[in-house]
Structures are given as structure tokens and as C-alpha cells.
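Ready for some practice in reading a protein model? Take a look at the sequence and the structure, then try each exercise before you read its solution.

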Amino acid sequence: MALEGTIKDFGLPDIFQLIGLQRKTGLLTLKNEKDVVTVTFEGGMVVMADSSTKRLEDRLGNVLVKQGKLGKEKLEDALHTQKATLQRLGHVLTTNNYITEKDLKDALHVQISQLVFRVFRWRDGEYHFAPTDAVEYDRDHFTPLSADYILMEGIRMVDEWPIIEKKIPSMDIVFRPVVQASLIEVAAGAEDGGPGIDAVHSAPSAGKVRLTPHEDQIFRKVDGARTVQSIIDSTGTGEFDVCRTLFDLLNRNLITTVGRGVARDVDLGRRETPVGSTPGWLAAALIVALAAVGIAVRRSEPLLVLGRPAFLRSSYDMLRGDVSHSRLQRLDRAILAYRLAQGSLPRTLDDVVGRGLVDRTYLKDPWERPFHYAVTSEGYLLSAVDDAGRKLPDSVIDRAVPQDK
């Protein structure tokens, strides 16, 4: 029996959870005004995703070229062979040794997973799931994604996007570095085989700025010419991880916005003037001066607004209120994801941190006040509190959940 309806009535997390729990095989079609996305399931696992506006194989070849893993001439040859033989582009590329098997697996994982995560940000649209006996996908080069993984990662991303979009409203934004690359010190952390997380968070050398290897990779792509989309394509990393890193670099006053470029790979419905013609020498000098001041000012505030005068304080507090609300919603979704994975509610919020569902910074609001969490007879209570420990209006989540047997 087909499953269909609107996203407003039955959210995407619920749809993915239902298909995953019932281990269904078939095609989930998601449609809104801008796109039609088809997600393929096998035994409740995501094995393929494609878009009507940008086909997977078109994106795959272009991204590999931008990462420097495939030459344009070889891509054209592979596309010509694909049309003649009707084979998958990935098969043609690996058979002819244009790319490695690992290159293809990594690219497919990023492209398919990011397309799925992107639809989690849809606010409206229609869905239709049609069960089938069997589905086709590249079994040799793609590892199926579990519904639990999709839910946990999707929840982690969707609640942070509203905050990130306040500073990165579109993928054609261009940034430039504020500090010289010679002042960057890369931490030897766990992600590059170093001594571990303590090294990442230890104090940097005098006059240096400490970055993780991933942050350094993104920072060195910022050159005053590349758009956000170009940085995403050239790194081979998911758009959320790149945008969140750029957001953090902005808040640390290590990069700054200089304008908009031409996002050639994103249909924004317009073409902006190239950023190179926008700033003059005077504007550049002012940017550097402001950045120097920004590095010296206090850094204890989680969302630093450079040069914030007193009359903007109320707007700044409103922004921090938005951050608090988003963190509360993120915690709520993390608790639900924990229950889905563990079969029971967490005893404390530390439990969801331990499972990697949220970072520890999400346990407090921007004023450093811890959120309140308590398991009740019918579910749980989650709320933000004021300095006196009183629950704040419109910041209380009293959620009933089915009781464990």
C-alpha cells in the first residue's frame, strides 16, 4: 500500500523512521515548487537519491573535476562512452582508471547523503512512497545508509541551518581571509592521527591561531574569489560541514564577507556582478582595520557582532534568543533520536552528548544557563530557564512519548 501526503501533515523524519522500521523497499518521491527528489530504499536503507533539477551523474562528474580528481577531457570522454554504452558514469570512470574506486565511493556517499539531508530542510511539499520488489543502485560503490543515521545526521543539521543562514544566506556569498595563513597553527588532533582531542583544544603558540585540520582546509579555500558553493565542491565535504566551519571562522573574525560572486552550480534565479569589481583599496583597508579590532575585543560571547553599538544590543539579544530556541529544539530532536536508537529516554542530557547526538555546548543557552530536562510519567520536560531558574515563557517542551514496556 502506497504512503502519501504532505510534509506539513507528516514530517520527513517520521516518514524515514516509518520506512526504516518497517524495512521497506521502494521509491520515496518528494516534490515541492522547486524540485522533485527521489530517494530509493532497500530493506529500509537509503541506497540512492536523485534530483530532477540536477541529475546525480551530472553532479558527480563536475564535482570530481572541481576536486582535481578528474580532468575535463577525461570527463568528456567518459560521458561520450556512457551515452554509447548506457553504463553508469562511475563504472566508466573506474574501468578506464580515470579515478580510483575510493574516489567514486567517497563522491557517491557525499552527493547522495547531502541530497537526502537537503530535503530535511523543506518546509512544505508532497511525498509518495511506492513499494517495489527490488531496486537498482551501484552496489559495488555505495554503502547503504541506515534510517537511524539519516535521522540523527538530519536532525543535527536541520536545527542549525537557521542560525548559519543568518550569516550565510546563499551559496554565492564570497569570503576573504582576515589573518595571514602564516599565523595559522594546525592542531594535531584525532582526525589526522595526532595525539587526540586535547591537542586540538590546547593553547596555541604565541601569536598563532589554532585550527583543526578540517578548519584549516576550509580556511585555505577562502581567497576572496571563490563562492561558498565553489568551496563545497572543491573540498569534497558536505555542504553543512563546510557552512558550519565558515560560520565558526566568521565568528572568530578569521574571515569576512566581501560580496557575492556567481554561483554557477546553484540555481539562484539571478546572476550577480563578480565580486572582484566590488571592493576598492579603501574598502579593503577598512575591512582589515575592523578585523584587527575584532581580534582584540572580547571573545567570550558565542555570536560576536563586530562594532556592536548600544542601540543594537536589543537586536543582538534577539539573535541570542533565536540561538537559544534553536538549541532547545535541537536537544528535543536529539532526545527523540536517542530514544529511537536506544529504546528508552536518556536519564540526563549528558547521555545524548555521549551518543554524539549533540555537542556539549548545546546543553546551555547563549547566556551560559543550562537547559532543564526531566523525565516525567508520560514523557519528558525540556525548558530554558532564566537566571533565577524559572522556566521561560514559550521555551518549554512538554512532550508525551509512548511508554516503554
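Three exercises follow, each with a worked solution.

Before you start: this is a predicted model, in which local features need pLDDT of at least 70 and side-chain atom pairs count only at pLDDT 80 or more, while totals for chains, interfaces and linings use all residues. Residues are numbered from 1 along each chain as its sequence is written, and side-chain values use heavy atoms, with hydrogens and water left out.

**Exercise 1.** Describe how helix H1 packs against helix H6.

*Solution.* Step 1: find the helices, which are DSSP runs of H or I with at least four residues, numbered from the N terminus. H1 covers residues 12-21 and H6 covers residues 147-158.

Step 2: give the geometry. The two axes lie 9 Å apart, at an angle of about 165°. (Axes are lines fitted to C-alpha atoms over the stretch in contact, and angles run from 0 to 180 degrees between N-to-C directions.)

Step 3: name the arrangement. H1 and H6 are therefore roughly antiparallel, a term for angles over 145 degrees. Their crossing is left-handed: the near helix is turned anticlockwise from the far one by less than a right angle.

Step 4: list the contact (heavy atoms within 4.5 Å). H1 supplies Pro13, Phe16, Gln17 and Gly20, and H6 supplies Ala147, Ile150 and Leu151. Five of these residues are nonpolar, two are polar and none is charged. (Ala, Val, Leu, Ile, Met, Phe, Trp, Tyr, Cys and Pro count as nonpolar, Asp, Glu, Lys and Arg as charged, and the others, Gly among them, as polar.)

**Exercise 2.** Do the same for helix H2 and helix H3.

*Solution.* Step 1: H2 (residues 56-66) and H3 (residues 72-85) have axes that come within 9 Å and cross at roughly 160°.

Step 2: these helices are therefore roughly antiparallel to each other, and their crossing is right-handed, with the near helix turned clockwise.

Step 3: Glu57, Gly61, Asn62 and Val65 of H2 meet Lys72, Leu75 and Gln82 of H3. By class, the contact has two nonpolar, three polar and two charged residues.

**Exercise 3.** Which residues line the largest cavity?

*Solution.* Step 1: the lining consists of Gln114, Phe117, Arg118, Arg121, Met157, Trp161, Glu239 and Phe240.

Step 2: sort the lining by element. Helix H5 (101-119) and helix H11 (239-251) each give two or more residues, and H5 has the largest share, with three.

Step 3: sort by class. Four lining residues are nonpolar, one is polar and three are charged.

Terms used. Parallel < 35°, antiparallel > 145°, perpendicular 65-115°, else oblique. 1 Å grid on protein atoms, 1.4 Å probe; cavity = no way out; pocket = protein on both sides within 12 Å on 5 of 7 lines; lining within 4 Å.
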